[in-house]
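Colleague: Before I plan anything around this protein, I would like to go through the model with you piece by piece. Could you show me the sequence and the structure?

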Amino acid sequence: MKRNFWINFLSFILGLVIVASFFIFKTTLHAQESEPILPVLQIHPLPITLEQWQPQEQDDYFCSLVSPPIGALIWTEFPIKIYLAQPELEQNTASYQQFQKWVSAVSTAIQEWNIYLPLNIVKEPEIANILIKRELPPLGSSFNAETGKIEIPRARTAQTRYDLEITKTQPPLLTHRMTILISPRLSETSLLSAARHELGHALGIWGHSPVETDALYFSQVRNYPSISVRDINTLKKVYQQPTRLGWKIPDILINKGLDF
Ligand SMILES: [Zn+2]
């Protein structure tokens with residue numbers, strides 16, 4: 001009787017050890033799989049153009065922005081390289097002239113932001129940090145739980161998204177690339193306004209202003225707001241935030257995108 005007790009007791013302890021080690025093993029394995037090795041969040045020095053920005057009005061809308069898990073979506077190498085995608089069009093046709101008007105409006109928006117962050121239009125898409133395409137953004141759809149129906153929202157006129165990449169430099173750095181789609185159907189003035197707004201996202205303002213006199217106001221308005229002091233105050237604050245971008249990474253890449 002006593003001997004049976006000890007055998008049962010020892011079997012129980014052994015069982016516990018086996019179950020416990022299984023769980024410890026599982027947790028370790030899980031931790032290794034679910035925690036990619038990304039650079040820690042750190043702050044980069046401010047670009048000189050933003051450091052020199054000392055406005056009298058201190059107002060901004062930084063608190064309305066989204067904070068991506070990767071940290072601030074800022075650029076650390078200047079000038080920031082922008083590529084305008086060229087469709088194959090025959091010269092002197094109506095479509096070619098339309099495209100030239102589109103290029104001219106987008107270039108104006110680039111010149112406007114260039115005052116605050118150095119930008120450069122490049123001819124090779126491979127080296128670009130920001131790609132701008134004359135393309136209708138996808139519609140997208142959402143499921144309405146109340147009606148049980150799939151809803152297709154209004155067509156978007158423009159969209160900006162980002163992808164993460166690792167540089168081929170030594171050491172490899174975590175970096176990103178922005179893609180802006182701007183509808184070919186916009187009028188010249190609203191095209192400039194859309195390009196200005198989307199470039200604001202691509203330069204790091206990831207979210208919207210609640211005030212309609214800011215270029216990053218969440219909705220399209222008739223007065224086509226220029227880049228405001230509040231836009232640049234917000235941009236400067238964004239560049240003072242920690243980020244995983246621009247820092248050394250061992251080997252893992254994650255792709256993520258967000259639309260606005
Ligand atoms: Zn937007």
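Colleague: Where along the chain does Tyr224 lie?

Modeller: This is a predicted model, in which local features need pLDDT of at least 70, side-chain atom pairs count only at pLDDT 80 or more, and totals for chains, interfaces and linings use all residues. Residues are numbered from 1 along each chain as its sequence is written, and side-chain values use heavy atoms, with hydrogens and water left out. Helices (H or I, at least four residues) and strands (E, at least two) are DSSP runs numbered from the N terminus. In those terms, Tyr224 is placed in the loop between H4 and helix H5 (229-238).

Colleague: Is Tyr224 buried, partly exposed or exposed?

Modeller: Its backbone is worth noting beforehand, as Tyr224 has a positive phi of about 45° although it is not a glycine, whereas most residues other than glycine have a negative phi. Buried means under 20% relative accessible area and exposed over 50%, with partly exposed in between (1.4 Å probe, protein chains only). Because its relative accessibility is 30%, Tyr224 counts as partly exposed.

Colleague: Which residue in the loop between S1 and H3 has a positive phi although it is not a glycine?

Modeller: The phi in question is about 65°, and the residue is found in the loop between S1 and H3. With a relative accessibility of 68%, the residue counts as exposed, and it is Asn92.

Colleague: How many helices and strands does the chain have?

Modeller: Read along the sequence, the elements follow the pattern α-α-β-α-β-β-β-β-β-β-α-α. Counted up, the chain has 5 helices and 7 strands.

Colleague: What share of the contacts between residues at least 6 apart in sequence joins residues at least 24 apart?

Modeller: As background, 37% of the chain's 260 residues count as buried. A contact means heavy atoms within 4.5 Å. Among the contacts in the chain between residues at least 6 apart in sequence, the share that joins residues at least 24 apart is 74%.

Colleague: Is H3 roughly parallel, roughly perpendicular or oblique to H4, and why?

Modeller: The axes of helix H3 (residues 94-114) and helix H4 (residues 188-202) come within 8 Å and cross at roughly 45°; these axes are lines fitted to C-alpha atoms over the stretch in contact, and angles run from 0 to 180 degrees between N-to-C directions. Angles under 35 degrees count as roughly parallel, over 145 as roughly antiparallel, 65 to 115 as roughly perpendicular, and the rest as oblique. Because of that crossing angle, the term for H3 relative to H4 is oblique.

Colleague: How many residues of the contact of H3 with H4 are nonpolar, polar and charged?

Modeller: On the H3 side the contact includes Lys101, Trp102 and Trp113, and among its partners in H4 are Glu188, Leu191 and Arg196. Ala, Val, Leu, Ile, Met, Phe, Trp, Tyr, Cys and Pro count as nonpolar, Asp, Glu, Lys and Arg as charged, and the others, Gly among them, as polar. Sorted in this way, the residues divide into 10 nonpolar, 2 polar and 4 charged.

Colleague: Which residues are the protein donors of the zinc ion?

Modeller: Donors are N, O and S atoms within 2.8 Å of the metal (3.2 Å for Na, K and Ca), and water is not among the atoms, so sites may look incomplete. Along the chain the donors follow the spacing H-x3-H-x6-H. Each binds through NE2, at 2.0 to 2.1 Å from the ion, and they are His197, His201 and His208.

Colleague: What is the relative accessible area of His201?

Modeller: His197 and His201 are separated by about one helical turn, because they are 4 residues apart in helix H4. His197 counts as buried at 11% relative accessibility. His201 is buried as well, with a relative accessible area of 0%.

Colleague: Which residue does a cis peptide bond join to Gln170?

Modeller: Most peptide bonds are trans. Here omega is about 5°, and the residue lies in the loop between strand S6 (158-166) and strand S7 (174-182). The partner of Gln170 in this cis bond is Pro171.

Colleague: How far apart in space are Trp247 and Pro39, C-alpha to C-alpha?

Modeller: Trp247 is found in the segment after H5, and it is partly exposed, with a relative accessible area of 22%. Not counting residues up to four places away in sequence, Trp247 touches several residues, including Pro39, Val40 and Leu173. Although Trp247 and Pro39 are 208 residues apart in sequence, their C-alpha to C-alpha distance is 6.1 Å.
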